[in-house]
Amino acid sequence: MSEEAGAEIRRSKAALRARPAPRRRSVSTRPWPWRLGRALVIFGLLLFTGGPLVYTVLLSVRDLPAVVSRPLDLLPTLDELNLRTYWIAFSSPEQGGFGLGRFMLNSALVATTTVVVTLLASIFGAYAVARLGFTGRRALAGLFFTVYLFPVVVVAVPLFVLFARLQLRGSLAALVVIYLAHTVPVAVYMLRHHFQAVPESVEEAAMIDGCGRLGVVLRVVFPLTAPAIAATALYVFVIAWNEYLFALLFLVDRRDRWTVSLGLAQLTAEVAPVTILMAGSVILSVPVVVLFALAERYLVSGLTAGAEKG
Amino acid sequence: MNTPTADRADRSDHWSGGDEPIPIRHSTVTGAMSQPPQPDTRQRRRGRGPLARRDALIGTGLVVPTIVVILLVVGAPFAWTVLLAFQRIRLIDIPTLSVFNAEYTLDNFRETFRDPDFWRVAWTTVVYSVLGTLLSLGLGLVAAFAFRRPFPGRAVARAVLLAPYVIPVVAATTTWRALLNPQFGFINAVGTRFLGWDRPIPFLSTHRQEVELGPVTVGIPVALLIVILFEAWRSFPLAFLFITARLAAVPAELEEAAVVDGASAWQRFRLVLLPQLAGVLALLAFLRFVWTFQNFNDVYLLTGGAGGTDILPITVYQDLVVRNDIGTASALGLVMASFLLLCTIGYLRLTRRSYS
C-alpha cells in the first residue's frame with residue numbers, strides 16, 4: 001500500500017469516527033446476556049491465570065502446619081502471618097536457609113553476560129537483515145527462522161559430550177555460550193522488526209548530511225531505537241534467567257554454581273517445605289515480572305511483529 | 001523458555017510502522033564501536049547504484065559475526081549430533097572419542113524404531129502437542145475477543161493474563177504442584193470437601209482414572225490432561241497477543257459493512273473476522289506445535305515423566321543422563337528434528353499456496 005493511500009485511509013477513518021451518527025454499536029447497546037457472558041468469560045480467564053499466582057503468594061506467608069491441616073483457608077490469619085519463609089529461602093545454608101540468594105547472584109551474572117554477548121552478536125546482523133540489500137538476505141532470514149524453531153534438546157547431546165570432555169561442566173561461562181543458541185535468533189528477530197520501523201527517509205537525510213552507513217547505524221538508528229533495544233535486552237535477560245534444562249545438564253553437580261531456576265527445582269526434589277518453595281517461586285519471579293512490566297509495550301510489539309500482516 | 005516469533009517480513013519488506021511512535025531523542029553515541037570485519041564478497045551488481053553496492057558489502061560484513069555465532073552454537077553441535085547418532089557411544093567412551101576412527105552404523109536407529117516404548121512415547125508426544133496447541137489457541141481466541149472492547153480495568157486484567165507466559169517455568173510448575181498436591185493442595189481440598197471425591201487424586205502421577213458417566217465407565221488419562229492444561233495455561237497469552245494484534249489491524253470498514261448488510265454477531269465472527277484471522281491462527285498453530293513437541297521443561301518439572309506423560313524430550317534426557325547412551329540419545333534427537341523439519345516444510349507449502 002502506498003503512503004498516500006495509507007494516509008487517505010487514515011483520514012477517512014478519522015472522519016468516520018468524528019461523525020456521531022453511524023458509529024459502531026458499542027458494548028452497552030448489546031443485550032444483557034451478551035454482556036454477562038463476556039464478564040463471566042473475563043472473570044474465568046482472570047481466575048485461571050491469576051488464581052495460581054495469588055495462591056503462591058498466600059501460601060508463602062503461611063505456617064506449614066496450618067497449610068497442611070487447613071488447606072481450604074487461603075487467607076492467613078494475622079497471628080500466623082509469617083514472612084520468615086522468604087528469609088529462609090533466601091539466606092545461605094550456613095545461616096540456616098536454602099541459599100537462593102547465592103543462586104540469584106549466579107543467575108544475574110549468567111543473564112547479564114548473556115545479554116551483552118547476545119546484543120554484540122546480533123545487533124549489527126539484525127540491522128543488515130532489516131535494511132541492507134545484500135545477496136542471500138532472504139535465505140538468511142529463513143535460516144534465522146529455522147534456528148528459532150530448532151529443538152534445543154538435540155544440541156544438548158553434543159554439548160553435553162563436549163563439555164564433559166573439556167571438563168567444562170559446572171562452568172558458568174560455558175552456560176553463557178549455550179544460551180546464545182537460544183537468545184541470538186530471538187534478538188535478531190526482535191531487533192530487525194524494530195529497525196524496520198525506522199523510516200528510511202530519516203536515514204537518507206542523515207546520509208545527505210554526510211553520514212556514512214555505519215554512522216547512520218550508530219548515530220541515528222541505535223539512538224532512535226534505544227528503548228526497543230533495551231526491551232530486547234530485557235527479554236534476553238529473562239530467557240537466561242528462566243532457563244532450566246541446560247542449567248540442569250551442566251551445573252547439577254556444582255551446588256555453588258546453581259542458577260536460581262535450577263536451585264528452586266532442586267529444592268523441590270529435596271522436599272523443602274511447601275511454604276518455602278512458594279516463597280522461592282515469588283523470589284524467582286519478581287525480577288522477571290518487574291523487567292517485563294518495564295518493557296511491556298516494546299516487548300508486545302516485538303513479539304507480535306508480523307502478526308498484523310498475517 | 002520458548003521464544004515467540006512471527007516471521008513474515010521476509011516476504012514483504014515494507015516496514016510495519018504506524019502502530020507505535022518511535023520517540024526521537026537527540027543524543028549522540030559516544031565511544032567508537034569497533035567495526036566488524038568486512039570480507040571480500042561477490043555481489044550481484046546488476047542495475048544498482050554505488051550506494052546500494054556499498055550497502056550490500058557493508059551488509060554482508062555486518063551479518064557475518066551473527067552467522068558465525070549461530071554456526072558455532074547451533075550449526076556445529078547439530079552436525080555433531082548427526083555424527084553421534086550413527087555411532088555406538090556411551091558416556092564412558094568420551095575420553096577416547098574421535099570423529100575419524102569412529103565406526104558408523106545404523107544400530108541406534110534400528111534399536112529406537114524396534115523399541116515399542118518409542119512408538120508409545122512418540123504417540124503421547126503427538127497427543128500432548130496437538131491438544132496443547134489446540135487448547136492454547138482456543139483460549140487465546142476467546143481471550144482476544146473478550147478483551148477486544150474496552151472495559152474498566154482492562155489494562156490490569158491484560159497484565160494478569162500475560163503473567164503465566166512471563167513467570168519462570170520453575171516457579172509455575174512449583175505452584176501447580178502445590179495446587180494439585182494430594183495432602184494439602186487446594187484443588188484436592190475442594191474436591192474432597194465440596195465435590196464428593198472419595199479420596200484425594202494424585203493428579204500428577206495418575207495414569208488412568210476410571211470415571212462412571214452414566215452407564216459407561218471411561219478411563220481418563222489424568223496426568224496427561226494436566227500437563228496439557230498446564231501447557232495451554234502457559235502459552236495461551238502468546239496466542240492472545242498475536243490474535244489481538246491481528247484483530248486490531250482488521251479494517252473497521254469490513255465489520256461496518258457487515259453490520260449494514262444485517263449480519264448477526266455470529267455471522268460477523270464466522271464470515272468476516274475468522275477469515276481475517278486464518279493466517280495468524282495457522283502461524284500460531286504451527287509455532288505452538290513445534291515448540292510444544294520439543295518442550296522438556298514443563299512436563300519434566302511437573303511429573304518427571306510419570307503417570308503416562310513420558311514424552312520424547314524426556315526420553316532423550318534420560319538416555320543421555322540416566323542410561324548414558326549418547327548414541328541413542330542423538331538418534332532420537334535427530335528423529336525429532338527430522339519430524340519437525342517435515343512439519344515446517346508442510347506448513348510453508350500450505351501457507352504459500354493459500355497466500356498466492
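These questions and answers cover a predicted model, taking chain A and its contacts with chain B.

User: How many helices and strands does the secondary structure of chain A come to?
Analyst: From the N terminus on, every element in the run α-α-α-α-α-α-α-α-α-α-α-α-α-α is written as α. The count for chain A is 14 helices and 0 strands.

User: What percentage of the residues in chain A is buried?
Analyst: Buried here means under 20% relative accessible area. Chain A has 310 residues, and the buried share is 56%.

User: Among contacts in chain A between residues at least 6 apart in sequence, what percentage joins residues at least 24 apart?
Analyst: Contact means heavy atoms within 4.5 Å. Pairs at least 6 apart in sequence form the base, and those at least 24 apart account for 69%.

User: What share of the area that chain A exposes do carbon and sulfur atoms supply?
Analyst: Chain A exposes about 13000 Å². The part supplied by carbon and sulfur atoms is 67%.

User: Are α7(A) and α1(B) roughly parallel or roughly perpendicular?
Analyst: Helix α7 of chain A spans residues 152–165, and helix α1 of chain B spans residues 50–85. Their axes come within 8 Å and cross at roughly 85°. Angles of 65 to 115 degrees count as roughly perpendicular, so α7(A) and α1(B) are roughly perpendicular.

User: How do the residues of the contact of α7(A) with α1(B) divide into nonpolar, polar and charged?
Analyst: The α7(A) side includes A:Val154, A:Pro158 and A:Leu162. Facing them, α1(B) brings residues including B:Phe78, B:Trp80 and B:Thr81. The division is 11 nonpolar, 1 polar and no charged.

User: Is A:Thr56 buried or exposed?
Analyst: A:Thr56 sits in helix α2 of chain A, residues 32–60. Leaving out residues up to four places away in sequence, A:Thr56 touches A:Met278, A:Ser281, A:Val282 and B:Thr175. Its relative accessibility is 6%, so A:Thr56 counts as buried.

User: Within what arc do the buried residues of α9(A) fall?
Analyst: Helix α9 of chain A covers residues 200–208, where A:Glu203, A:Ala206 and A:Met207 are buried. Seen down the helix axis, they line one face, because they fall within an arc of 100°.

User: Which helices do the buried residues of α9(A) pack against?
Analyst: The partners come from chain A and chain B. They are α5 (100–131) and α10 (213–224) of chain A, and α1 of chain B.

User: Which residue just after α9(A) takes a positive phi?
Analyst: The phi there is about 105°. The residue is A:Gly210.

Technical notes
Residues numbered from 1 in each chain as written. Chains lettered and ligands numbered in written order. Predicted model: local features only at pLDDT ≥ 70, side-chain atom pairs only at ≥ 80, totals over all residues. Heavy atoms only, no water. Axes fitted to C-alpha atoms, helices over the stretch in contact; angles between N-to-C directions. Helix = DSSP H or I, 4+ residues; strand = E, 2+ residues; numbered from the N terminus. Parallel < 35°, antiparallel > 145°, perpendicular 65-115°, else oblique. Nonpolar A, V, L, I, M, F, W, Y, C, P; charged D, E, K, R; others polar. Buried < 20%, exposed > 50% of the residue type's maximum accessible area, 1.4 Å probe, protein only. Areas by Shrake-Rupley, 256 points an atom, 1.4 Å probe, with all protein chains shown as cover. Arc of directions from axis to C-beta.
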